[in-house]
Amino acid sequence: MRLGTAATLPGALIVGGAHVSIGVARSLGRRGIPVWLMANHPIAKFSRYVARSFDWPGADHPQGVSSLIDLAVEHRLGGWVLIATGDQDVRMIAQNRDLLAKHFRVATADWDTIKWTYDKRLTYQRAGELGIDCPWSFHPKTLDDVRVLDCRFPVILKPAIREGADEFTQAKAWKADDRAALMSLYARAAALVGNDAVIVQEWIPGTGEAQFSYAALCDRGEPLASLVARRTRQHPIDFGRSSTFVETVENPQVEALATRFLQSIGYTGVAEVEFKYDAREDQYKLLDVNGRFWTWNGLGGAAGVDFPYLAWRQATGQTIEPCRARAGIGWMHASRDVIAAYQEMKAGALTPGGYLKSLGKPLSFANFALDDPLPALVELPVASLNRIMGGLDRDDSANPMIGRRRRMAK
């Protein structure tokens, strides 16, 4: 399809997400690209750049794929770009890419590629083959495997794949300080996701300042646009479910490691590759590879690399000039960053002066924008309503005891 004027530009249908979708919608909407949204979380629906929104039955719903196709047929969305913002949405779209490509321009790689980012067991396998350091990991099959496991405590437990919506898959990780805690948490996790889908992994000390991400738009493994960011603050502060303050930095070592991985799988599209610096061994260790947009995608635009727009250009067959982000630009989820900053100050990891210094950087925000203020205004009421309705808050879900109290209260 040949591109026309702004009024006839192919639009974008964003699937899933909350704050992720806000950044994507603003990037495209500001350029006159029509944006529609299918999501369960309501906050992105308040953006002025979301022209229409629809309820999303979910990637695991039997009618998940058909609902996208029905929408495309009913509203004549042929040629629109289909963008996924959640792990399960990426998996569903990748596994049904050929079918969905009959109705959309699909901005997600095929399953043969995405599987290396979706399943952490495969991610760590490929990284090991490439000589990329990863945290020590073990994949127990039974509780007996955990009982005799020779490991150094503390350790963390994390799901191999994030499917379903339970307290374990919604958490970033569960921490076990001793054998008894490990066995108890493994039993709980295995009951939720199955014995074979739990990873026991070494605990790498350090807060968000030790965590780095390489974000890129690639064409068959070669980066067209890229940045390296430090996850300076996060919530919870030990292993955050969400970033609260992220800033662009220069880190050639992280860039080289991430590029090596993406080149090895011939990756096309946007990706975020996460590392944590292990000061004990002076190594950057690969944590995750996300084959989708990330929460702080708005940072790219502020730093000169507008990832959603560039991904839209790629999907619509347009030329992209290689570009890199400027260092020293920040992104903040202000309402959550206040909490994270307070916790770091209480722990002695941050001073009031250090916090004020972060506010002095050029900033973009998760919710607030002068030309699109409503998402920020409704954030707290929406979060409060979700709690009243019994929804699982992603930040609190990192603590299994909070999830337990909520279930008992229902």
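**Exercise 1.** Is tyrosine 342 buried or exposed? Work it out, then place the residue in the fold.

*Solution.* Keep in mind that this is a predicted model. Start with the cut-off: a residue is called exposed when its relative accessible area is over 50%. Tyrosine 342 has a relative accessible area of 52%, so it is exposed. Next, find its element: tyrosine 342 belongs to helix 12, which covers residues 334-346. Finally, pick a distant reference point. Tryptophan 174 is 168 residues away from tyrosine 342 along the chain, and their C-alpha atoms are separated by 22 Å.

**Exercise 2.** Describe the overall build of the protein.

*Solution.* Count the elements to begin with: there are 15 helices and 17 strands. Then check the packing. The radius of gyration is 21 Å, close to the 22 Å from the globule rule for 410 residues, so the protein is as compact as a globular protein of that length. The C-alpha trace spans about 65 × 50 × 45 Å along the principal axes. Now look inside: 55% of the 410 residues are buried. As for the contacts, take those between residues at least 6 apart in sequence; 66% of them join residues at least 24 apart. On the outside, the accessible surface is about 17400 Å², and carbon and sulfur atoms account for 53% of it. Last, the charges: the protein has 49 positive and 45 negative ones, and their mean positions are 3 Å apart.

**Exercise 3.** Find out how many disulfides the structure holds, and check the cysteines 218 and 323.

*Solution.* The count is quick: 0 disulfides. To see how that fits, use the cut-off, which asks for two cysteine sulfur atoms within 2.5 Å. For cysteine 218, the nearest cysteine sulfur is that of cysteine 323, and it is 12 Å away. Cysteine 323 gives the matching result, with the sulfur of cysteine 218 as its nearest at 12 Å. Their surroundings can be read off too: cysteine 218 has 1% relative accessibility and counts as buried, while cysteine 323 is partly exposed at 23%.

**Exercise 4.** Follow helix 2 from its buried side to the residue just after it.

*Solution.* Helix 2 runs over residues 64-74, and its buried residues are Gly64, Val65, Ser67, Leu68, Ile69, Leu71 and Ala72. Ask next what they pack against: the partners include strand 1 (12-15), strand 2 (35-38) and helix 3 (87-95). Step off the end of the helix and you meet arginine 76, with a positive phi of about 55°. This residue sits in the loop between helix 2 and strand 4, and at 77% relative accessibility it counts as exposed.

**Exercise 5.** Hunt for other unusual backbone spots.

*Solution.* Know the background before you search: most residues other than glycine have a negative phi, and most peptide bonds are trans. Aspartate 282 has a positive phi of about 55° although it is not a glycine. Its loop lies between strand 13 (269-278) and strand 14 (283-290), and aspartate 282 is exposed at 55% relative accessibility. Now the peptide bonds. Phenylalanine 153 to proline 154 is cis, with omega near 0°, and proline 154 is in the loop between helix 7 (143-147) and strand 7. Histidine 235 to proline 236 is cis as well, with omega near -10°; here the loop is the one between strand 11 (222-235) and strand 12 (242-249).

Terms used:
Residues are numbered from 1 along each chain as its sequence is written. This is a predicted model: local features need pLDDT of at least 70, side-chain atom pairs count only at pLDDT 80 or more; totals for chains, interfaces and linings use all residues. Side-chain values use heavy atoms; hydrogens and water are left out. Helices (H or I, at least four residues) and strands (E, at least two) are DSSP runs, numbered from the N terminus. The radius of gyration is taken over C-alpha atoms; the globule rule is 2.2 Å times the number of residues to the power 0.38. Buried means under 20% relative accessible area, exposed over 50%, partly exposed in between (1.4 Å probe, protein chains only). Contact means heavy atoms within 4.5 Å. Accessible areas come from the Shrake-Rupley method with a 1.4 Å probe; for residues, only the protein chains shown count as cover. Lys and Arg count as positive and Asp and Glu as negative; His and the chain ends are not counted. The place of a charge is taken as NZ of Lys, CZ of Arg, CG of Asp or CD of Glu.
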